[in-house]
Amino acid sequence: MAEVKPTINDGESVQTVRTTNYPAIANAPLPAEGSASFSNYQLAFVLLAGPWLVTKLLPFRTGWYFYWFLFILLGVPIAIGYWTFKSKFGSRLNEKIQFPGKPLSNYITLKDASLQKYNEVKKIPMQIFHDAYFAGKADFNGDVLEIMEYRHDWASFEFTPALFKYVLFNLIPDVIIHSQTQDEEQVRDHYDRGDDFYSWFLGPRMIYTSGVISDINRMETLEELQDNKLKMVCEKLDLKETDRMLDIGCGWGTLATFAGKNYGADVTGVTLAKKQTAFGNERLRENGVSESKGRILCMDYRDIPHPQGYFNKISCLEMAEHVGIKRYGTFLKEVYDLLDDDGLLVFQVAGIRTCWQFEDLNWGLFMNKYVFPGADASLPLGWVIKQLESANFEIKSVDVLGVHYSATIHRWYLNWVSNKDKVVAKYGERWYRIWVYFLAYSTIQGSASVFQITAHKNLNAFHRVEGIPSHGAIQTHVSKKAESVISHQEMWADQTLH
């Protein structure tokens, strides 16, 4: 299921890159690296040297006060210039994969007169293209996912004026403020769009988080992937009938329903979306979970009406991204207070790689603007772990689910494309285009990942030994060779003892 293909002939040897062909995922035909050419030292140098150079070019003498005045005045323009230059001309992380070098017209069609200038160059900035595509001024020449796989051959990932404008006047203020009112407005605008809108890609489970692959040699259905995940979360929580479980950011209540129906636990789900609340409570009742044993509450996580330590099992799946960097630590301390001293937490969060490329930043800004406004806390695993430990949690296990999420989103993409006529008829062409681009790009975005972390309170009295039976990874296999070695060692040990 893996292939090694030649990519570059340097005159002496042929460099190769390995590609895959597994049914479980959408295999990348051109897994190329982009530019990661950025240096904080270089940025600091140009910020300091720029004002100094200006003072030397002036026809009159200046002092340090004037230098620092210029430093403040020119700081932002110089930083923008540096980012623009490096994102446009920076070298690729590596060049093991050779681009096909086909013209833009092979991949996309630019229909608007203002875009015709890009037909004369090799590549179009991705932000320019996706905005034009959403507005109907450009089109993909074929399947969106297939053409996006070759994006490095026809798109550049330079920072444009529109991106700088969004960062300065939208992203930064949102990160700084991140008020409760802001969270409510952004979440409800997104998730209360319509249950049918989401069902057209999420399918009947209505789960907006990563599923889990169990067999890489088979294309499991979306429902299988999600059922694998639901069971895994409940098993990691070691869920029992006597448990009181809280699901923070419960979505349409599927995990709460699964836990209540199959494990008999008392379940409480919390979401800010009104339509999700109604859907979730109906789903609970339809699956035989009574009001006394399960409920979905429409409220902010700050307002969860239960005494300290009430819940002994808490799940939070891909909701913390919406909390924001500013309140992340406070949020985790609030979760800590809600959890019983003997309780368990399964914390699943979408994140990014530490060594980013300019493509990653383009993609992240698109996501923040068009898909998940206010979700600014998608960060590397190390940062998330540090925040959990700072809130006095002890980490029990970590599973990285990035490739599982890719498989999940690929199923979402196929569902969305198959329901195009329904989406366009009710919500219009623009919403269809935004989401087909989002789902295609998310399927192949190498910088994105998902971390599923199991944790508990870091207390001396916590009975860690009782967690050993539920301390399994997604897959744990002992090979036949390893088994034979173990058997041989055991035999040798027995002979020695006798």
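These are my notebook entries on a sheet, its helices and a few ring contacts in a predicted model.

**Entry 1: the sheet**

I began with the strand order. I find 7 strands in an open sheet, ordered 9-8-7-10-11-13-12, with mixed pairing. Which strands stand at the edges? They are strand 9 (294–298) and strand 12 (393–400); each has a single partner strand, so one side of each is left without a neighbour in the sheet. From one strand to the next, I get an average twist of 15°.

**Entry 2: two parallel pairs**

Next I looked at individual strand pairs. Strand 10 (residues 311–317) and strand 11 (residues 339–352) run parallel and are joined by 6 bridges. In that neighbourhood I noted Cys 316, which stands opposite Phe 347 of strand 11.

Strand 7 (244–248) also runs parallel to strand 8 (residues 266–271), and 5 bridges join the two. Here Met 245 has Val 267 of strand 8 as its bridge partner. I checked burial too: strand 7 has 4 of its 5 residues buried, so it is largely enclosed by the rest of the structure.

**Entry 3: helices on the sheet**

I then asked what packs on these strands. Helix 12 (residues 328–338) lies across strands 7, 10, 11, 12 and 13, and runs at about 150° to strand 11.

**Entry 4: aromatic pairs**

My search of the whole structure returned 53 aromatic pairs. I picked out two of them to look at in detail.

The first one I opened was Tyr 310 with Phe 311: the ring centres are 4.9 Å apart and the planes stand at 85°, so I log the pair as edge-to-face. Are these two residues buried or exposed? Tyr 310 comes out as partly exposed, at 27% relative accessibility, while Phe 311 is buried at 0%.

My other pick was Tyr 328 with Phe 347, whose centres lie 6.4 Å apart with planes at 85°, so this pair is edge-to-face. It links distant parts of the chain, with Tyr 328 in helix 12 and Phe 347 in strand 11, 19 residues apart. Tyr 328 is buried at 0% relative accessibility, and Phe 347 is buried with a relative accessible area of 2%. I had already met Phe 347 as the residue opposite Cys 316.

**Entry 5: charges over rings**

I also looked for charged ends over ring faces. Lys 457 has its charged end over the ring of Tyr 336, 4.4 Å from the centre. Arg 193 lies over the face of Phe 197, at 5.0 Å from the ring centre.

**Entry 6: helix 13**

How many residues of helix 13 are buried? I count 11 of its 14, and so I have it down as mostly covered, using under 20% relative accessible area as the cut-off. Among the buried ones are Phe 358, Trp 363, Phe 366 and Tyr 370, along with Glu 359 and Asp 360. Helix 13 (residues 358–371) reaches 19 Å from first C-alpha to last, close to the 20 Å expected at 1.5 Å a residue.

**Entry 7: Phe 201**

I finished with Phe 201, which lies in helix 8 (residues 195–202). Phe 201 is buried, with a relative accessible area of 0%. What does Phe 201 touch, not counting residues up to four places away in sequence? I list Tyr 208, Leu 222, Trp 412, Asn 415, Trp 416, Trp 435 and Leu 439. The C-alpha atoms of Phe 201 and Trp 416 are separated by 4.7 Å, although the two residues are 215 apart along the chain.

Key. Residues are numbered from 1 along each chain as its sequence is written. This is a predicted model: local features need pLDDT of at least 70, side-chain atom pairs count only at pLDDT 80 or more; totals for chains, interfaces and linings use all residues. Side-chain values use heavy atoms; hydrogens and water are left out. Two strands pair if DSSP finds at least two bridges between them. Axes are lines fitted to C-alpha atoms, for helices over the stretch in contact, and angles run from 0 to 180 degrees between N-to-C directions. Contact means heavy atoms within 4.5 Å. The expected span of a helix is 1.5 Å times one less than its number of residues. Buried means under 20% relative accessible area, exposed over 50%, partly exposed in between (1.4 Å probe, protein chains only). Rings of Phe, Tyr and Trp (its six-membered ring) pair if their centres lie within 6.5 Å; planes under 30 degrees apart count as stacked, over 60 as edge-to-face and the rest as tilted. A charge sits over a ring if NZ of Lys or CZ of Arg is within 6 Å of the ring centre and within 35 degrees of the ring normal.
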